[in-house]
Amino acid sequence: MLESFPAGGLAVVVGATGGVGGALLAHLAGERSFRGVVGLSRGGVPPLDLTSEETIARAAAHVAGTGHELRLVVDATGFLHGAAGSGPRGAGTSSTPRTWRGPSPSTPPARRS
Ligand SMILES: NC(=O)c1ccc[n+]([C@@H]2O[C@H](COP(=O)([O-])OP(=O)(O)OC[C@H]3O[C@@H](n4cnc5c(N)ncnc54)[C@H](OP(=O)(O)O)[C@@H]3O)[C@@H](O)[C@H]2O)c1
């Protein structure tokens, strides 16, 4: 059990259909620390593409609609450390770094340590 989180609330895994994200989703779903776990990705429902603010807004609304307090967001896409520091693994070919912005101030992205 994740003892640093008080029981309840919601965990969100972005990149949940991937190898790392799928494993995290399965682990968190088996935890008693969270009332619910939401997995998101471009191919999921609702679709979330971290390069599209529109899909981020829709996903944020979906998460808010669960009625659970958001307690944990994990980005398992590799989006924050692509080859150019700007995209998912294998897609970070842009020479122009982008700036990360979360879906809203109330749901900031998880920070990597
Ligand atoms: N696998 C390992 O053993 C391992 C070890 C150490 C570190 N890592 C790192 O962990 C990260 C994830 O690795 P992985 O092997 O799990 O990768 P993966 O299997 O390719 O999974 C990537 C996930 O991210 C989603 N995704 C990709 N681009 C996205 C976007 N723009 N918006 C939203 N979702 C997006 C994908 O789903 P959709 O295509 O549906 O969007 C998928 O769910 C990478 O940075 C990798 O370098 C992996």
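The following paragraphs describe the fold, the nonpolar core and the ligand surroundings of a predicted model.

The protein chain contains two helices and three strands, and from the N terminus on these elements follow the order β-α-β-α-β. Of its 113 residues, 27% count as buried. Among the contacts in the protein chain with a separation of 6 or more, 60% are made by residues 24 or more positions apart.

Strands S1 and S2 run parallel and are joined by five bridges. Within this pairing, Val-12 has Val-38 of S2 as its bridge partner. Strand S2 is mostly covered, with four of its five residues buried.

Helix H1, which spans residues 19–29, has Gly-21, Leu-24, Leu-25 and Leu-28 as its buried residues. These residues lie on the same side of H1, because the arc that they cover around the axis is only 100°. The cover over the buried residues of H1 includes all three of the following strands: S1 (10–14), S2 (36–40) and S3 (70–75).

The largest nonpolar core comprises 21 residues, of which Val-12, Val-13, Val-14, Leu-28, Val-37 and Leu-40 touch the most other members. At least two residues of this core are supplied by each of S1, H1, S2, helix H2 (53–65) and S3. The greatest contribution to the core is that of S1, which provides four residues. Leu-28 thus appears both among the buried residues of H1 and among the core members that touch the most others. Val-12, the bridge partner of Val-38 in S2, is likewise one of these core members.

The surroundings of Val-14 were examined separately. Apart from its neighbours within four places in sequence, Val-14 is in contact with Leu-40, Ser-41, Leu-48 and Leu-50, and also with Val-74, Asp-75, Ala-76 and Thr-77. One of these partners, Leu-40, is itself listed with Val-14 among the residues that touch the most other members of the core.

The ligand is surrounded by 21 residues, and the closest of them are Gly-15, Gly-18, Arg-42, Gly-43 and Gly-78. By residue class, this shell divides into ten polar, eight nonpolar and three charged residues. Helix H1 accounts for the largest share of the shell, namely three residues. Helix H1 therefore contributes to the shell around the ligand as well as to the largest nonpolar core, with its buried residues on the same side of the helix.

Terms used
Residues are numbered from 1 along each chain as its sequence is written. This is a predicted model: local features need pLDDT of at least 70, side-chain atom pairs count only at pLDDT 80 or more; totals for chains, interfaces and linings use all residues. A residue is near a molecule or strand if its C-beta atom, placed from the backbone, lies within 6 Å of it. Ala, Val, Leu, Ile, Met, Phe, Trp, Tyr, Cys and Pro count as nonpolar, Asp, Glu, Lys and Arg as charged, and the others, Gly among them, as polar. A residue is buried if 20 or more other C-beta atoms lie within 10 Å of its own, exposed if 12 or fewer, and partly exposed in between; C-beta atoms are placed from the backbone. The arc is that of the directions from the helix axis to the C-beta atoms. Two residues are in contact if their C-beta atoms, placed from the backbone, lie within 7 Å. A nonpolar core is a set of buried Ala, Val, Leu, Ile, Met, Phe, Trp, Tyr and Cys residues joined through C-beta atoms within 7 Å. Two strands pair if DSSP finds at least two bridges between them.
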